[in-house]
Amino acid sequence: MEKLSRSDLYSLEEYASIRSDFRAQVMSHKKCRQVHIGDHATLYFEDRLTMHYQVQEMLRAERTFEAEGIQEELDVYNPLIPDGSNWKATFMIEYVDEEERQIALMGLVGIEDCVWIRVEGYDKIPPIADEDLQRSNDDKTSAVHFMRFELTDEEVSAVKSGASISMGIEHPGYHFEIEPVSQNIRDSLAYDLD
């Protein structure tokens, strides 16, 4: 999947005029790219459109219009765009109550390594988690992790041919499976594979 460049972005003025429609488009798109794994964990699969939106929102919030600042945002978010043989996701542990969340995070140390995806007919694919920086320690994990799931050529071919996709978490403090994910999510993820 092609990375974003400065020429793909709207100026701050252009973005202000289309923001509402663009946001609606992205929110609709994101519905096909999130998988709730149980009540408290969600994988939000990123792609070029979700990252385009993220960059535009950051530039807007920070009122960035200089080339250097724009490039810094692209450098931060382009790595979250799939490369054609992988899926990239933001993994979130979600509890409404902050105290409950803090307690849960202490009991879920290492959960980022226990998430998996499976293409029908193949073994579970473990994540490569938090490549940019460590988000867990011995006492607790973070509520947000970034993950990459690398597929073999055979798995890519199987997905493109319609194979189902399952996901889950196997952690002593949190165990849940989804077999398979819905067709619209499967099809959206298949599109990420070149």
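Mentor: The radius of gyration is taken over C-alpha atoms, and the globule rule is 2.2 Å times the number of residues to the power 0.38. The model shown here is predicted, so local features need pLDDT of at least 70, side-chain atom pairs count only at pLDDT 80 or more, and totals for chains, interfaces and linings use all residues. Residues are numbered from 1 along each chain as its sequence is written, and side-chain values use heavy atoms, with hydrogens and water left out.

Trainee: What makes the radius of gyration of the chain agree with that of a compact globule?

Mentor: For 194 residues the rule gives a value near 16 Å, and the chain has 18 Å, which agrees. Along its principal axes, the C-alpha trace spans about 50 × 45 × 25 Å.

Trainee: How many helices and strands does the chain have?

Mentor: The chain has 6 helices and 9 strands. Helices (H or I, at least four residues) and strands (E, at least two) are DSSP runs, numbered from the N terminus.

Trainee: Why is strand β8 called mostly covered?

Mentor: A residue is buried under 20% relative accessible area, exposed over 50%, and partly exposed in between (1.4 Å probe, protein chains only). In β8, residues 165-171, 6 of the 7 residues are buried. Across the 194 residues of the chain, 45% count as buried.

Trainee: How do you know which strands pair with β8?

Mentor: Two strands pair if DSSP finds at least two bridges between them. Strand β4 (residues 115-119) shares 5 bridges with β8 in the antiparallel sense, and β9 (residues 174-178) is also joined to β8 by 5 bridges, running antiparallel. Gly-168 of β8 stands opposite Trp-116 and has Glu-177 as its bridge partner in β9. With 2 residues between them, β8 and β9 form a hairpin.

Trainee: What makes β1 and β6 edge strands?

Mentor: An open sheet is formed by 5 strands in the order β1-β2-β3-β7-β6, with antiparallel pairing. Strands β1 (34-36) and β6 (128-129) each pair on one side only, and they are the edge strands. Within this sheet, β2 (residues 41-45) and β3 (residues 86-93) pair over 5 bridges; Ala-41 has Ile-93 as its bridge partner in β3.

Trainee: What share of the contacts with a separation of 6 or more joins residues 24 or more positions apart?

Mentor: Contact means heavy atoms within 4.5 Å. Among contacts with a separation of 6 or more, residues 24 or more positions apart account for 71%.
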